[in-house]
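Subject: Structure for your review

Dear colleague,

I am passing on the structure we spoke of, and I would be glad if you could look through it before reading my notes. What I found is set out below the structure.

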Amino acid sequence: MKTALISDIHANRSALEAVLADIDRRGIANIINLGDSLSGPLDATGTADLLIARNLPTVCGNHDRQLYDRPKADMGLWESWIIDDLSPSHLAWIKSLPKILTIDDMLFCHATIDDDDEMWLHEMGPDARMISRDLTGIQDRLGATEATLIACGHTHTPALVRLPDGPTIVNPGSVGCPAFEDTRLDPPFIQQVGAPDARYAIVEKTDGLWRADLLAVPYDPSEMASLARAKGEANWARALETGWLA
Ligand SMILES: [Fe+2]
């Protein structure tokens, strides 16, 4: 049975609509959302309404948690853009999300099993660019799970890793944010996948082996880029349009 993995939508309603249409066209009913659904300078309320209506199994990302675990004055920029727009029912939905979901021999988390804000398959490399993590670093974060497939997001970078004598770990990439920079660090930490497409994955176990299709769905980002520019976020807009930062 096929399962579609979506993650890191970050309020990009247009990208979410494109991905859900692609999944629906393939007739895949099982869809898991790996979190970071609403934070960003785009359409948080439209994204929340769509996700709540679809009632997808969803885990809580670090950016979702940061919408309710601190006062507004202490929120980061990505949350401060949207917190006043969200309704009580939107926030109640966010607060209801679990850290981890398990279904059969599959485990779904946002970042790692123990930490919603730690990169797993990637790390910060030279020049503050995101790079792949080595085998030991990935194994060290595995813990005692007996899952044979683990799905995580957080790094916005699609990846499939098979651990020797361990599970297969899949990161579907980001539905709605193909490039970002963390300007709290000096130099800024930069991630960019180099294409504007909305990313997601389809996983399926056949003959005892987990297989994953890492997919890129073209869509029209112009409405979301306009919303980013209206908030003064030219870099966000450029990332949505090109997959690259300036
Ligand atoms: Fe994210």
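The secondary structure of the chain comes to eight helices and 13 strands, and please keep in mind throughout that this is a predicted model.

On overall dimensions, the C-alpha atoms fill a box of roughly 50 × 40 × 35 Å when it is taken along the principal axes. The radius of gyration is 17 Å, which agrees with the value near 18 Å that a compact globule of 246 residues would have. Of these 246 residues, 44% count as buried, and among the contacts between residues at least 6 apart in sequence, 67% join residues that are at least 24 apart.

Turning to the interior, the largest nonpolar core has 63 residues, and those with the most contacts inside it are Leu5, Ile6, Val19, Ala151 and Tyr200. The largest share of this core, six residues, is contributed by helix H1, which spans residues 13-25. As general background, nonpolar side chains in soluble globular proteins tend to be buried together. If you would like one residue to start from, Ile6 may serve: leaving aside residues up to four places away in sequence, Ile6 touches Val19, Ile31, Asn33, Leu34, Pro172, Val175 and Tyr200. Two of these partners, Val19 and Tyr200, are themselves listed among the residues with the most contacts inside the core.

As to the sheets, five strands form an open sheet with mixed pairing, in the order E3-E4-E7-E9-E8. Strand E3 (100-103) and strand E8 (159-162) stand at the edges and have a single partner strand each, so one side of each is left without a neighbour in the sheet. Neighbouring strands of this sheet are turned by 15° against each other on average, with direction ignored. Within the sheet, strand E4 (residues 106-109) and strand E7 (residues 149-151) run parallel and are joined by three bridges. In this pair Phe108 stands opposite Ala151 in E7, and Ala151 is also one of the residues with the most contacts inside the largest nonpolar core.

A further pairing that you may wish to inspect is that of strand E10 (residues 179-182) with strand E11 (residues 189-192), which run antiparallel and are joined by four bridges. These two strands form a hairpin with six residues between them, and Glu181 stands opposite Ile190 in E11.

With best regards

Terms used: Residues numbered from 1 in each chain as written. Predicted model: local features only at pLDDT ≥ 70, side-chain atom pairs only at ≥ 80, totals over all residues. Core = buried A, V, L, I, M, F, W, Y, C linked by C-beta atoms within 7 Å. Buried ≥ 20, exposed ≤ 12 C-beta atoms within 10 Å, placed from the backbone. Contact = placed C-beta atoms within 7 Å. Rg over C-alpha atoms; globule rule 2.2 N^0.38 Å. Pairing = 2+ DSSP bridges. Axes fitted to C-alpha atoms, helices over the stretch in contact; angles between N-to-C directions.
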